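This report describes a protein–DNA model by its contact surface, its annotated regions and its aromatic side chains. Please keep the sequence and the coordinates at hand while reading.

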4 protein chains.
Amino acid sequence: MSPRRRDAERTAAARERRRAEILETAAEVFARQGYAATSIRQVADAAGMLAGSLYYHFDSKESMADEILSGFLDDLWTSYDAILAEGGDARATLERLVEASFASIHRHRPAVVLYQNESRHLALNPRFAYLDESQTRFRSMWMDLLTRGADEGAFRADLDASLVYRFIRDTVWVAANWYDPHGRLPASDIAKQYLAMVLEGIQAPGE
Amino acid sequence: MSPRRRDAERTAAARERRRAEILETAAEVFARQGYAATSIRQVADAAGMLAGSLYYHFDSKESMADEILSGFLDDLWTSYDAILAEGGDARATLERLVEASFASIHRHRPAVVLYQNESRHLALNPRFAYLDESQTRFRSMWMDLLTRGADEGAFRADLDASLVYRFIRDTVWVAANWYDPHGRLPASDIAKQYLAMVLEGIQAPGE
Amino acid sequence: MSPRRRDAERTAAARERRRAEILETAAEVFARQGYAATSIRQVADAAGMLAGSLYYHFDSKESMADEILSGFLDDLWTSYDAILAEGGDARATLERLVEASFASIHRHRPAVVLYQNESRHLALNPRFAYLDESQTRFRSMWMDLLTRGADEGAFRADLDASLVYRFIRDTVWVAANWYDPHGRLPASDIAKQYLAMVLEGIQAPGE
Amino acid sequence: MSPRRRDAERTAAARERRRAEILETAAEVFARQGYAATSIRQVADAAGMLAGSLYYHFDSKESMADEILSGFLDDLWTSYDAILAEGGDARATLERLVEASFASIHRHRPAVVLYQNESRHLALNPRFAYLDESQTRFRSMWMDLLTRGADEGAFRADLDASLVYRFIRDTVWVAANWYDPHGRLPASDIAKQYLAMVLEGIQAPGE
DNA sequence: GATGAATGAGTCTTCATTCAT
DNA sequence: CATGAATGAAGACTCATTCAT
């Protein structure tokens, strides 16, 4: 490998690292203050540079949001797809999906918050059409799983499936708002407790 | 009562009605587009007037949000306080609180959405200190109820109480994002199914 | 006519007058400094208002240019069409077209300068497609006239028609750069001398 | 001559060549898009380098325009001065000046376009004072020639001299906007036809 | 000679707000 | 009560320019 080749690789990697840093900072600020309520200058301040300098790395505020969200969703679907590919009964699949979801909150907390709070507005923009597509795929994945589980006799059949779907969806993702990656409970424990609640309920047994 | 006095009352009432109308419109637009992403002009358009005219009724965008949110919270706490005053065991109280919450989503859907999405940012402003206060009261109300329920043997004791609290809180309020006042399921049915899930779990019995 | 109706008309007319004033100012500044080199603030200064206030009257800098140019072209084609409708031989038609062109420079000097200097760049924008359309119509109008004149024996046949076309076109419009509406020579005199040069040449007769 | 000296000369020459290349590219881009509307980055792109790299060769955007324009004007005046030094009657001089002008359009097309479109704005800057000086010299050269020609009986005396001056000036230079160095008509042919029009007019003889 | 990252001033535009009518 | 015109601050974004490497 020529020295020049090595140089190019080193700088390309360095640039990628810088972009990732800025993106993480941006995600945090967007998550904390809301996308619309955050000025590009606040992002730049948090990243230790001037507002104009951000545009060396990113085209626009929008493309920052785009990279943040698509990075999160790509990662999420990679882990979902692996789980679905494994097969297994509905109950086991549900557990793994929930665990994967909390793990993804652990890795992408600010992105998840952004997704939760802004995806509805952003999806109006054709550039963010993939948000709706993801949402659709997500919904059918869960609806299929829930009806299959009811057929298999694993889940109660007396509940409205789409209500259960929303119930699970909401409770999982909304946790990003309070989840602390350095907190007392690791994501895997939260997932466990969460599954206990969802599956067995909070009522004392035999009640 | 003098005629002039009656006139004054009539116009005061009319003004109050107009304010309420505008406020409802504003709440809807804020809920749909987000508070920061909504311009006062969009609110005015939706209310059938010009931007400047809104300032006859309200002295700022902020005070609209203020009235929307405090109106909702006042109403919510009125119904919560009535339930708490009644007494009753933890399980029954929990049911009534959840029912009251969904009823309040029915009555104040846009306000609830606004509350969910913006209260964190708004609460930074001293004017909205009451949001944090409400949040604090809300938290202790639920924590008390949940620990009492565990003591009474009504609720499982093996779950992290503050996790259960967040779990219930989030799922209830996030429902405002998809609840449709004119939809298939009335708020009371949703509350029932929701309680079934939370109390008994979605797992088939005897599994 | 009701008083309210009269009011509406008065204010609509007043607004139209204000717009026209601003537009004229803008056209002058654009013509003097170039469209791209002129900031919206300079236009606002010249119009005696703040930059933001311009946006009450106009959507964008671009739409100011649009109105300036289309106003000029509409007026120009109205007078051209009238001349073409009259008929007459090629020589007479040419004279009337040239006179109409100088008259239009008199009425729309800054717009003509803007047209000359910026239409090529602006026409890249679909919004300004009409500039190219006008250019095309203009070219065929003149080419038809010149070949008809050569056929009628009124114009020399030994010259390249498209060269003559460009020659006439350019010289007429470029005059907007130095024409002074309050100057020594009125537009009609310039047109006369211009026609003398173009038709008979500057060479002394019998030379 | 020492080898080191030869090296220095070779690199100095290479540098000069690179500068000239870049300058030509810049002139083309400026001519096509307008000076103000062209960013230094577009110039750099066209020259196959990054924006920052241009500053190794030139110290500002302005100095590029400066070199482009002064290069053109120096060349132009060199050929004009040669013609004027030759002497000869007004008619012959006029023909040679016009031919020289079209030849200069052939050699410096983009620079001429730049000159035509931007010299008025640029001349406000003291650095470009020479533009006005050239303009002044140009005007007196032509006015002298035209009045001498009228005195000599070569040119008609019934036309306004300063109008004729502008007429000739404009038609010659504006041709840079459509002249194509590789087109059907070479510059010398255009000059010939142009002279035929200007001197004899487009009217059929004996009309 | 050239690159890549950053600067800081400036651009167009939006928007909450004011106020005379 | 409402309108229409304007304000002024702020926002996203561009760009000529600099400079360490």
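## Surface facing DNA strand F

In this predicted model, helix 3 of chain B supplies four residues, the largest share of the surface near DNA strand F. At least two residues each come from helix 3 (51–57) of chain B, from helix 1 (3–33) and helix 3 (54–57) of chain C, and from helix 2 (40–47) and helix 3 (51–57) of chain D. By class, this surface near DNA strand F consists of ten nonpolar, 14 polar and six charged residues.

There are 30 residues around DNA strand F, and the nearest are Y55(A), Y56(C), H57(C), I40(D) and Y55(D). Of the atoms of DNA strand F that come within 4 Å of the protein, 73% belong to sugar and phosphate.

## Contacts with phosphate oxygens

Side chains from chains C and D approach the phosphate oxygens of DNA strand F. An N or O atom in the side chain of H57(C) is 2.5 Å from a phosphate oxygen of this strand. For Y55(D), a polar side-chain atom lies 2.7 Å from a phosphate oxygen of DNA strand F, and for R18(C) the corresponding distance is 3.2 Å. H57(C) and Y55(D) are also listed among the residues that come nearest to the strand.

## Annotated regions of chain A

Two UniProt annotations, each from an unreviewed entry, apply to chain A. The annotation "domain: HTH tetR-type" is listed for residues 16–76 of chain A. In the model, that span is 75% helix and 0% strand, and its end C-alpha atoms lie 21 Å apart.

The annotation "DNA-binding region" covers residues 39–58 of chain A. Over these residues the chain is 60% helix and 0% strand, with 15 Å between the end C-alpha atoms.

## Aromatic pairs and clusters

A pair of aromatic rings is described by the distance of the centres and the angle of the planes. Over all chains, the count comes to 48 aromatic pairs. One of them joins W77(B) and Y80(B), an edge-to-face pair with 5.4 Å from centre to centre and 90° between the planes. W77(B) and Y80(B) lie three residues apart, about one turn, in helix 4 (residues 61–86) of chain B, and both are buried. The pair F138(B) and W142(B) is tilted, because the planes stand at 45°, with the ring centres 6.4 Å apart. F138(B) and W142(B) are four residues apart in helix 6 (residues 129–151) of chain B, a separation of about one helical turn; both are buried.

In chain A, ring pairs link F72(A), W77(A), Y80(A), Y115(A), F138(A), W142(A), Y165(A) and W173(A) into a cluster.

## Charges over rings

Charged side chains also sit over aromatic rings in chains C and D. The charged end of R137(D) is 3.9 Å from the centre of the ring of W77(D), over which it sits. In chain C, the charged end of K61(C) sits over the ring of Y35(C), at 4.6 Å from the ring centre.

## An exposed threonine in helix 4 of chain B

Is T78(B) buried or exposed? Its relative accessibility is 53%, so T78(B) counts as exposed, the threshold being over 50%. T78(B) is located in helix 4 of chain B, and a polar atom of its side chain lies 2.7 Å from the backbone oxygen of D74(B).

How values were computed:
Residues numbered from 1 in each chain as written. Chains lettered and ligands numbered in written order. Predicted model: local features only at pLDDT ≥ 70, side-chain atom pairs only at ≥ 80, totals over all residues. Heavy atoms only, no water. Near = heavy atom within 4 Å. Polar contact = N/O pair within 3.5 Å; in protein donor to acceptor, adjacent residues only side chain to side chain. Nonpolar A, V, L, I, M, F, W, Y, C, P; charged D, E, K, R; others polar. UniProt positions renumbered as here; feature names shortened; annotations may be inferred. Phe/Tyr/Trp six-rings, centres within 6.5 Å; stacked < 30°, edge-to-face > 60°. Buried < 20%, exposed > 50% of the residue type's maximum accessible area, 1.4 Å probe, protein only. Lys NZ or Arg CZ within 6 Å of the ring centre and 35° of its normal.
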